[in-house]
Structures are given as structure tokens and as C-alpha cells.
Amino acid sequence: MTQSPSQSPTHDTQWPRWEVFKQDSEKRPYQAVGSVHAGDPDHALLTARNVFVRRPAAVSLWAVREADILSATPEELAAHPAVLDTPGEADTYHVGVKKTHKRSMTFVDLVGTVQASGPGEALRQAQAAHADALAWLVFPEAAIARTDDDPGTVESWFAPAKDKTYKQQQYYGVIGKHVGQLKREGRMPRRVNEEPHVADHKVYDHPHDQPARTLEANAADVEVNP
């Protein structure tokens, strides 16, 4: 069951949590697809788009604060029947139901609306109309933050970026020269433990290749403390 902040056993220091409802097309119902934390309705919608609409198609998004949602399972209602008496404002309430465990994600479809004197009454009507549901949720119409339905908003928010230029990974810059160029110049090592060459000359000198007398001279310069 949804808890109000005052009922929470610990103080939550994060932004309020919003449940996200996405509509994939005009012929599909809104579905609860997950939640985001956000400071206000616009922030919630922008975050929801970035999280849930980057690849799948969508035509509309709703975000509803968790505190405005009343939800319950049959087991919770059996243990706490007083939930059906939860008071609130008279309004049009949206009803969501979960009917299957088959999907890997917790999808809840919004199946309609009811007129109710409060969230408890709305949940009671949802339970009566969908007795076989695994869970119900209700929230008032006034609690919805929604994207605009005009074509310009739908295009800018949800249309795929078909004309966006795409760059193959191999054409991105790398540190130093591209491996293909090094091969053409004969500077790629022939074995893993070989060093790059230009023709017969090494690209750089390795300390291990210094003449023995140079190493001995260097060692003599090192002061050894007793």
C-alpha cells in the first residue's frame, strides 16, 4: 500500500518519487512503467522521457506523485480493510490494474476512470469492477502531470532522430596515430614484445638496450648510503 510521508518509518532525503505512465500509441492504454525522483512536475516528465522513452515509441507521458496514489493487493486489503475508507477529495479517479505476473517488469494498465468521493471509495470501485486483479491503484485526475498532446510537442519529445548523423566507431579520433596508419608506415611491432621501428631503426631507445658500459657508468653515479 502507498504510504504518506508522515507514515514512513525513516525520513527520505531524496526528491519526491513519481510514478510514470507511458502510452505507446493512441490505441494503447497508459501503462505504469516505473518511477523517477524529481523536484517538480516538469522535472519529473523530463526525467521520465530520458529514462523510459529513449528507444521505445511513445506518444504521451504522465507522471503522478507517489503520495497521490493509493494502491493495494488483495492480500493487503484482507489484512487492512480500512484502506477502503481512505478519505480524500471528490474527483475523477483513474484506475489501474495488474492482471499477470508473466511480464518481467511491473506493468499496470490504466483501464478507466470512476467518480468517487475519495481514494478509498475509488479503490473500492476498482476492486468490485476488477475482482480478479493482482493489484489495484487509483489516483485523482488533478494529480496528473502530463505532456502536451499537440503535434509539435509529440514530435519534439518522442519522434525518433531519423536524420541524426551517425559516426562509425573506427572514425573517432584516438590518442596518437590510427593503427592502420602505423601499419602502412611499418611502425607496428611484429611481435608483442617487439618495439616499433621505422625501417631498421627503433622509434625510441629502451633503457635495457643501453650499452653495458653506459649502465655501469650510471650505476657508479648512484650514491649508496651505508
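In what order do the eight strands of the open sheet lie? In this predicted model, the order is β4-β7-β5-β6-β2-β1-β3-β8, and the pairing is antiparallel. The edges of the sheet are formed by β4 (70–72) and β8 (144–146); each has a single partner strand, so one side of each is left without a neighbour in the sheet. From one strand to the next, the twist averages 35°.

The sheet belongs to a chain with six helices and ten strands. Of the 226 residues of this chain, 30% count as buried. Its accessible surface comes to about 15800 Å², and carbon and sulfur atoms account for 52% of that area. Among the contacts in the chain with a separation of 6 or more, 62% are made by residues 24 or more positions apart.

Strand β1 offers a convenient place to enter the sheet. In the strand order, β1 stands between β2 and β3. Six bridges join β1 to β2, and the two strands run antiparallel. Six bridges likewise join β1 (residues 17–23) to β3 (residues 60–65), again in antiparallel fashion. Val 20 illustrates both pairings: it stands opposite Gly 34 in β2, while its bridge partner in β3 is Ala 63. Another pair along the border with β3 is formed by Trp 18 and Arg 65. Strand β1 is mostly covered, with six of its seven residues buried.

Two helices can now be placed against the strands. Helix α1 (residues 41–52) packs on the sheet, where it touches β1, β2 (31–37), β3 and β8. The direction of α1 makes about 115° with that of β2. Helix α3 (residues 119–129) lies across β4, β5 (91–98), β6 (108–116) and β7 (135–140). Relative to β7, helix α3 runs at about 140°.

The nonpolar interior can be followed next. The largest nonpolar core has 16 residues, of which Leu 77, Tyr 93, Val 95, Ala 122, Leu 123, Trp 136 and Val 138 touch the most other members. Two or more residues of this core come from each of β4, β5, β6, α3 and β7. These are the helix and strands already met together, since α3 lies across β4, β5, β6 and β7. Apart from this core lies another, of 15 residues, among them Trp 18, Ala 38, Val 53 and Phe 158. Trp 18 is thus a member of the second core and also the bridge partner of Arg 65 in β3.

Is His 130, in the loop between α3 and β7, buried or exposed? His 130 has a relative accessible area of 18%, and because this is under the 20% limit, the residue counts as buried. Leaving aside neighbours within four places in sequence, His 130 is in contact with Val 95, Val 97, Lys 99, Val 111 and Trp 136. Two of these partners, Val 95 and Trp 136, are among the residues that touch the most other members of the largest nonpolar core.

Charged side chains supply a further set of links, and the structure holds seven salt bridges. In one of them, the side chains of Arg 17 and Glu 66 meet at 3.9 Å, N to O. This pair links distant parts of the chain, as Arg 17 is in strand β1 and Glu 66 is in the loop between β3 and β4, 49 residues apart. Arg 17 is partly exposed, with a relative accessible area of 36%, and Glu 66 is partly exposed as well, at 29%. Arg 17 and Glu 66 also belong, with Glu 19, to a network of salt bridges.

The salt bridge between Arg 124 and Glu 121 (3.9 Å, N to O) has a local setting. Because the two residues are three apart in helix α3, about one helical turn separates them. Both side chains belong to partly exposed residues: the relative accessibility is 35% for Arg 124 and 29% for Glu 121. A further salt bridge brings together the side chains of Glu 141 and Arg 146, at 3.2 Å, N to O. Glu 141 counts as partly exposed at 29% relative accessibility, and Arg 146 is partly exposed with a relative accessible area of 35%. Arg 146 falls within the range of β8 (144–146), one of the two strands at the edges of the sheet.

How values were computed:
Residues numbered from 1 in each chain as written. Predicted model: local features only at pLDDT ≥ 70, side-chain atom pairs only at ≥ 80, totals over all residues. Heavy atoms only, no water. Pairing = 2+ DSSP bridges. Helix = DSSP H or I, 4+ residues; strand = E, 2+ residues; numbered from the N terminus. Axes fitted to C-alpha atoms, helices over the stretch in contact; angles between N-to-C directions. Contact = heavy atoms within 4.5 Å. Buried < 20%, exposed > 50% of the residue type's maximum accessible area, 1.4 Å probe, protein only. Core = buried A, V, L, I, M, F, W, Y, C linked by side-chain atoms within 4.5 Å. Salt bridge = Lys/Arg side-chain N within 4 Å of Asp/Glu carboxyl O. Areas by Shrake-Rupley, 256 points an atom, 1.4 Å probe, with all protein chains shown as cover.
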